[in-house]
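Reader: I'm new to this and I keep tripping over the vocabulary. Could you go through a structure with me and tell me where the words come from?

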Amino acid sequence: MGRRVLITGLDTFWGGRMAQALESDPEVDMILGMGTSEPSVPLERAEFVRADQTYSILSRIVRATQVDTIVHTFLVTDSTKAPPRALHEINVIGTMNLLAAAGQPSSSVRQVVVKSSSLVYGSAATDPAWFREETSRTSPARTRVERSLLEVEGFVRDFAEDNPATVVSVIRFANVLGTDIVTPISSNLSRSLCPHVAGYDPLVQFVEEDDVVRCLEHVTRHRIPGLYNVAGSGKLPWTEVAALCGTRLLPLPPVSTRLAAAPLVRLGLIDFPPELEGLLRYGRGIDTTRITKTGFQCGYTTAGTVDNFIRATRLRRSVGKAPPSYTYEQDVEQFFRRSSAVVHSSDATN
Amino acid sequence: MPLPRPAEPSATSPRLSDVDEWGRSEHMREVARRVYDPLYRHWFRVEWEGLEKIPRTGGALLVANHAGAIPSDAPVIMHGIEAELGRPVYGLADYFFRQAPWMGTMWARVGGVPAHPDNALRILRDQGDLCLVFPEGTKGPSKTYTDRYRLRRFGRGGFVEIAMRAGVPVIPIAVVGAEESMPILFRLPSVARALGVPYVPVTANMLAFGPAGLLLYFPAKFKLRVLDPVSFDVPSGQERYSKSRVMDEAEKIRMNLQETLYDMLRARRSVWFG
């Protein structure tokens, strides 16, 4: 029997991309996606179920569908995407309910994959140049996102300890840049002015969005347990990234940085969430030796990721945003999945 | 909506600077070497003894005594070994440097690395390079002139543990001259607290040269002696080592360095001419 996979946050960027990737995997029998709103990408066979963001109905779904794998992509790693209260609900309460459902006595779940972020390491002057998975952060977590992610990883650790038979994979990704994803960093780099803390030129690491999906697929397919860092190899100074992207640097004062940035953020000139401030001072590097040993290799280096991002930005500037070519319509989707009139390619070959 | 994406990552990913993964820039280092070399040769007139004890290949942890309000020994050792042996030296220093705007960036570009056990381990074991640490930390350079050439406590012996873990020898280097290049008369602890820096010294240089004395060293004659490498017959790669063994080894190295310093001072005729 093939795999039965549950994906959280099907309506979000990562959930949608992950579902699309798994659809082409013949070993996956069934894909079930949960989301608070309708999926925004076309899906062939993934089923969609609407649920509130804290998954209070999850244990019923798990029992009813007998899923054996949960891919938890619905973690907010960008504080501009959700107000503080929602961030806590999604990350902390959501994960808690998810793991509670997965850890029931007669649970069918055999693997849990969590998409975490290198934000859990923080950014401070006392940091090593590369964090290994077991290196502890050197400064207390001050931002909401970091605190909630640390809490999430704590739950996952406890879950792994309580359920030794379940494969638990946690992947900490570096900052993502890519063709489609929009993050505070990508918006800053695609504007004409880009914030920079005067006097600091930190080294940053990026990972390409396709590599993120490929990596999640890799650990899911091969059932690889453990905690892994994933980033494109190499590091770039922030000023060089900005120069490569052709944006000019807007220096913020090294003291009272947030105070000076606040009006500019308000005017929409820059994005400056709290978790970006540390990064723009001290940068962050993560050591990816461990994931490499499992046979995974990022397709893009950090410099390659930036280059790919620039090319996509240039293309978007020329052709503009493509109009949405897909909207989810319940009846149509039901027809394609259920009706006997539809000839499925897999049936046709049998 | 997704943009069409290229089939392959483009082969060329252009760089605009030569800053490497440690934040070092070979170009900036070259400039710094050019600027510093006359100071090294004609101002401090550095003389080495036992330079052949530093291996030509493989990692080694260099430890030295630390002195001078703005320590002049770190650049002397780093530049000396890079110039004489052609091997890069990674100088580990307090994270305070990294915090200071502009200075922190400059410091990283010319080769400074924040002191963290992981960084040292990577340099020594994975890269097989030379790494310089001052086990006294800021207690060394912050001591006043009356305490000159008296080694402070060697931290918690962390440097020995790192060398054990990396499986590399510790090579102690005794430095004479740094103490007199910028002697501290007294410190201003309350100003240091207010500024959030480890110490604020009032140096003899400030009295002699006025504001220029903030950066201008006295032309003390530098003499450096490399001591015999110390190896530990313990398996490398362990998470922890016996604390008593670590402290013993650290203390042995400290005593040896202290004895050597006294020895060198006994032979010294003049602070300025050696």
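Reader: How many residues does the contact take from chain B and from chain A?

Author: Keep in mind that this is a predicted model. The contact takes 28 residues from chain B and 37 from chain A. On the chain B side, the elements giving two or more residues are H3, H4, E4 and H5. H5(B) gives the most, with 3 residues.

Reader: What makes up the side of chain B that touches chain A, by class?

Author: There are 13 nonpolar, 9 polar and 6 charged residues on that side.

Reader: Okay, now the sheet. Why are E1 and E4 of chain B said to stand at the edges?

Author: The order of this open sheet of 7 strands is E1-E9-E6-E2-E5-E3-E4 in chain B, with mixed pairing. Strands E1 (47-49) and E4 (112-114) of chain B each have a single partner strand, so one side of each has no neighbour in the sheet. From one strand to the next, the twist averages 25°.

Reader: How do you know that E2 and E5 of chain B pair?

Author: Two strands count as paired if there are at least two bridges between them. E2 (residues 60-64) and E5 (residues 130-133) of chain B have 4 bridges, in the parallel sense, so they pass that cut-off. Leu61(B), for instance, stands opposite Cys131(B) in E5(B).

Reader: And what does helix H6 of chain B touch when it packs on the sheet?

Author: H6 (residues 158-166) of chain B touches E2, E5 and E6 of that chain. The direction of H6(B) makes about 165° with that of E2(B). Helix H10 (residues 243-267) of chain B packs on the sheet too, touching E2, E6 and E9.

Definitions and conventions
Residues numbered from 1 in each chain as written. Chains lettered and ligands numbered in written order. Predicted model: local features only at pLDDT ≥ 70, side-chain atom pairs only at ≥ 80, totals over all residues. Axes fitted to C-alpha atoms, helices over the stretch in contact; angles between N-to-C directions. Contact = placed C-beta atoms within 7 Å. Nonpolar A, V, L, I, M, F, W, Y, C, P; charged D, E, K, R; others polar.
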